[in-house]
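Please load the structure in your viewer and keep the selection panel at hand. The tour proceeds from one selection to the next.

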Amino acid sequence: MATTIDLRSDTVTKPSKPMMDAMVSAELGDDVFSEDPTVKKLEEKLAAMFGMEAGLFCPSGTMTNQIAVKAHTQPLDEIICDKICHIYNYETGGWAFHSGVSIRLTNGNNGRMTVPQIEELIQPDFDWLPNTSMVAIENTVNKGGGSVYTIEEMKAISDFCRSKKLIIHLDGARIFNALTALNKAPKDLIGIFDSISVCISKGLGAPVGSVLLGNKAFIKKSRKLRKVMGGGMRQSGILAAACIYALDNNVNRLSDDHARAKKLATALSNLPWVKQVLPVETNIVIFEVEDSAKVAAALAGSDIRVQPFSPTLVRMVTHLDFTEQMLDQVLQVLGKMKTL
Ligand SMILES: *Cc1c(COP(=O)(O)O)cnc(C)c1O
């Protein structure tokens with residue numbers, strides 16, 4: 001029987017046997033009392049890697065981003081993001097719900113904003129205007145086809161934000177994919193951001209878990225916000241153990257996912273019914289067709305699942321559980337799909 005190949009997202013991975021073993025043997029305690037040694041180990045490990053003072057383990061990247069917005073702003077503030085970013089599009093409007101802030105959007109290059117675009121959106125100091133207080137960038141940009149900001153681009157935005165006294169947050173749900181593409185290390189980000197959100201449940205293959213990084217005062221405030229949002233977890237070391245395993249074992253292989261994504265993109269760009277493929281820099285392939293639902297249905301007929309991302313955009317994401325053999329199978333199926 002053919003197994004289904006799932007390319008909808010890099011969140012579809014299941015914990016491997018050695019990851020499960022690490023979870024089963026994790027040392028546990030009550031993390032609401034700050035007594036889970038494995039959670040602490042994960043928070044300290046990631047903070048050390050990125051050169052930040054402290055970390056906070058959370059159930060999702062939505063929560064780490066939303067805590068960051070809440071901790072960094074006050075009601076009547078305004079934040080600047082790109083129009084395709086996750087914080088604006090896919091977090092249920094949480095910036096308004098939790099933080100009472102408004103939002104202004106850049107029209108970036110596949111989601112990457114530039115200093116002049118940000119500068120244009122900063123509000124002057126009038127009673128009738130909100131107070132611009134924070135900029136959030138996303139690296140890689142999910143909806144931008146996994147597009148990557150270089151270290152220099154991030155640094156330029158950060159320098160500008162600091163000169164305007166704006167907080168700078170990184171939604172780094174896929175920061176390890178970005179660093180892999182850039183051939184850089186987490187320590188190359190030191191000093192650039194006030195806070196960073198890192199997901200371990202995406203390409204790194206943990207079942208659950210994101211970590212928010214920042215200075216001690218910010219993380220202390222964030223712990224309280226995590227609690228009020230319902231994210232205080234108890235023996236969550238069982239999950240943190242999976243994240244530690246993922247960081248130790250699944251970062252170095254991300255380049256395989258990137259190479260496979262490029263092969264998918266090349267095959268897609270040769271098909272007459274594919275109008276355009278966004279440039280592929282990491283593990284996300286977004287392509288334009290006449291009718292994304294029709295494409296998803298046709299591929300589902302060959303046991304390949306993809307994500308209709310808009311009426312005309314389809315997304316494929318490569319990941320830990322998408323093997324070379326599965327790639328060959330997808331390439332064969334695509335090769336036969338001359339028409340739709
Ligand atoms: C997945 C993702 C998140 C967090 O999503 P959760 O499903 O809440 O963990 C945040 N930002 C980006 C760019 C993402 O792709």
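Begin by selecting C58: this cysteine is buried, with a relative accessible area of 0%. The model is a predicted one. Next, display the sulfur of C58 together with that of C199, the closest cysteine sulfur, and note the separation of 10 Å, which is too far for a bond. A disulfide requires a pair of cysteine sulfur atoms within 2.5 Å.

Now move to C243, which takes part in no disulfide; here the nearest cysteine sulfur again belongs to C199, at 9.8 Å. C243 is buried as well, its relative accessible area being 0%. By the 2.5 Å rule, the count of disulfides comes to 0.

Turn then to the ligand. The space that the ligand takes is the largest pocket. Select the surrounding residues: S60, G61, T62, N65, H86, E91, E138, N142, D171, A173, R174 and K202. Colour helix α3 (residues 61-72) separately, since this helix supplies the largest share of the shell around the ligand, with 3 residues.

Three polar distances merit display:

- G61: a polar backbone atom lies 2.8 Å from an oxygen atom of the ligand.
- N142: an N or O atom in the side chain lies 3.3 Å from an oxygen atom of the ligand.
- D171: an N or O atom in the side chain lies 2.6 Å from a nitrogen atom of the ligand.

Finally, render the ligand surface: how much of it does the protein bury? Taken alone, the ligand exposes 380 Å², and the protein buries 83% of that.

How values were computed: Residues numbered from 1 in each chain as written. Predicted model: local features only at pLDDT ≥ 70, side-chain atom pairs only at ≥ 80, totals over all residues. Heavy atoms only, no water. Buried < 20%, exposed > 50% of the residue type's maximum accessible area, 1.4 Å probe, protein only. Near = heavy atom within 4 Å. Polar contact = N/O pair within 3.5 Å; in protein donor to acceptor, adjacent residues only side chain to side chain. Areas by Shrake-Rupley, 256 points an atom, 1.4 Å probe, with all protein chains shown as cover. 1 Å grid on protein atoms, 1.4 Å probe; cavity = no way out; pocket = protein on both sides within 12 Å on 5 of 7 lines; lining within 4 Å. Sits in = over half its atoms within 2 Å of the grid points. Helix = DSSP H or I, 4+ residues; strand = E, 2+ residues; numbered from the N terminus.
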